[in-house]
Amino acid sequence: MRKARRQSASQVASAGAPIELYYWPTPNGWKVSIMLEECALPYVVRPVDISKGEQFTPQFLAISPNNRMPAIVDPRGPGGRPISVFESGAILQYLGRKTGRFYPHDERARVAVDEWLFWQMSGLGPMAGQAVHFRRYAPRQIAYAIARYTDEVNRLYGVMNARLANREFLAGHYSIADMACVGWVRLAERQGQDLAQFPHLRRWFETVRARDAVKRAFAIRIPAASAVDMRDPRVRAVLFGQRAR
Ligand SMILES: N[C@@H](CCC(=O)N[C@@H](CS)C(=O)NCC(=O)O)C(=O)O
């Protein structure tokens, strides 16, 4: 794990110990960089090069036992002591509780945010991930698998589109639920989706991605990530066919 070259405004603005963000530029990583930027929390990016297997180092597994990024270490956690958090949904909720922002206290409003956050975690993310895998990365094109996941993502986009027909954001007000979804919709084309079919979803996507914090989060560059070639057998051996260790 190396330090990112670029530091955003909120990273340099505060003199306090920053939150460490274990990160690679994917939709799951973007969720957390967006929330950190939205809350102007000081943070430092610790790239985890998942194409090289850095997610399997003992140091990383100690904070993220599922060998997946993102994860965070907050040096000023509960009781003023450090805490690590893995799973992007848990991180968003933690940061929401810590800052009191984008995760309402009112129980009805919080339930709505949780519904759409869990919907993303259990539906949109995994299904879109599988759609991309079978459309782009599988060693051969399997029509049944491509149709199954592309159709399911299409259904999920339809659910979001209907939800957004009469409200600005997924849970009413802008929240961690929107942050969880926007990175996936950003990659709609790779999932075989056309936003022209979903006008309310497209309006929401344009609104969310135009936010300054979201722009800053999407602008974080990890040069090694741009250089990854998913056809490289060494990369494929790391990422695909993982079994219990
Ligand atoms: N449910 C996890 C999923 C995270 C996840 O799938 N991360 C991927 C990149 S998007 C990863 O770290 N992959 C490493 C690997 O496959 O070994 C979360 O939301 O945090």
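This report covers the ligand site, the backbone exceptions and a few residue positions of a predicted model.

**Ligand site**

The ligand sits in the largest pocket. Its shell holds 14 residues. Gln55, Met69, Glu87, Ser88 and Gln242 are the closest of them. By class, the shell divides into 5 nonpolar, 6 polar and 3 charged residues.

Three side chains place an N or O atom at short range from a ligand atom. The table lists them.

| Residue | Ligand atom | Distance |
|---|---|---|
| Arginine 68 | oxygen | 3.2 Å |
| Glutamate 87 | nitrogen | 2.8 Å |
| Glutamine 242 | oxygen | 2.7 Å |

Each pair meets the polar-contact cut-off of 3.5 Å, because the distances are 3.2 Å for arginine 68, 2.8 Å for glutamate 87 and 2.7 Å for glutamine 242. On its own, the ligand has 520 Å² of accessible area, and the protein covers 82% of it.

**Backbone exceptions**

Most peptide bonds are trans, and most residues other than glycine have a negative phi. Three places in this model depart from that pattern.

The peptide bond from methionine 69 to proline 70 is cis. Its omega is near 10°. Proline 70 belongs to the loop between helix 3 (58-63) and strand 3 (71-74). Met69, on the other side of that bond, is among the residues closest to the ligand.

Alanine 40 has a positive phi of about 50°, although it is not a glycine. The loop between helix 2 and strand 2 (43-47) holds alanine 40.

Glutamate 87 also has a positive phi, of about 80°, and is not a glycine either. This residue lies in the loop between strand 4 (83-86) and helix 4 (88-99). Glutamate 87 has a relative accessible area of 37%, so it counts as partly exposed. The cover behind that value comes from the protein chains only. Glutamate 87 thus joins two topics: a positive phi and a side-chain atom 2.8 Å from a ligand nitrogen.

**Positions in the helices**

Where does glutamate 37 lie? Helix 2, residues 27-38, contains it. Glutamate 37 is buried, because its relative accessibility is 2% and the cut-off for buried is under 20%. From glutamate 37 to leucine 61 the sequence separation is 24 residues, and the C-alpha atoms are 25 Å apart.

Alanine 128 is part of helix 5 (residues 107-137). Is alanine 128 buried or exposed? It counts as buried, because its relative accessibility is 0%. Alanine 128 and arginine 190 are 62 residues apart in sequence, yet their C-alpha atoms are 8.9 Å apart in space.

Leucine 239 sits in helix 11 (residues 233-239). Its relative accessible area is 22%, so leucine 239 is partly exposed. The lower limit of that class is 20%. Leucine 239 and aspartate 106 are 133 residues apart in sequence. Between their C-alpha atoms the distance is 41 Å.

Methods: Residues are numbered from 1 along each chain as its sequence is written. This is a predicted model: local features need pLDDT of at least 70, side-chain atom pairs count only at pLDDT 80 or more; totals for chains, interfaces and linings use all residues. Side-chain values use heavy atoms; hydrogens and water are left out. A residue is near a molecule or strand if one of its heavy atoms lies within 4 Å of it. A polar contact is a pair of N or O atoms within 3.5 Å; within protein, one must be able to donate a hydrogen and the other to accept it, and residues adjacent in sequence count only if both atoms are side-chain atoms. Accessible areas come from the Shrake-Rupley method with a 1.4 Å probe; for residues, only the protein chains shown count as cover. On a 1 Å grid over the protein atoms alone, a cavity is a set of points where a 1.4 Å probe fits but cannot get out, and a pocket is an open set with protein on both sides within 12 Å along at least five of seven lines; lining residues have an atom within 4 Å of a point. A molecule sits in a cavity or pocket if more than half of its atoms lie within 2 Å of its grid points. Ala, Val, Leu, Ile, Met, Phe, Trp, Tyr, Cys and Pro count as nonpolar, Asp, Glu, Lys and Arg as charged, and the others, Gly among them, as polar. Helices (H or I, at least four residues) and strands (E, at least two) are DSSP runs, numbered from the N terminus. Buried means under 20% relative accessible area, exposed over 50%, partly exposed in between (1.4 Å probe, protein chains only).
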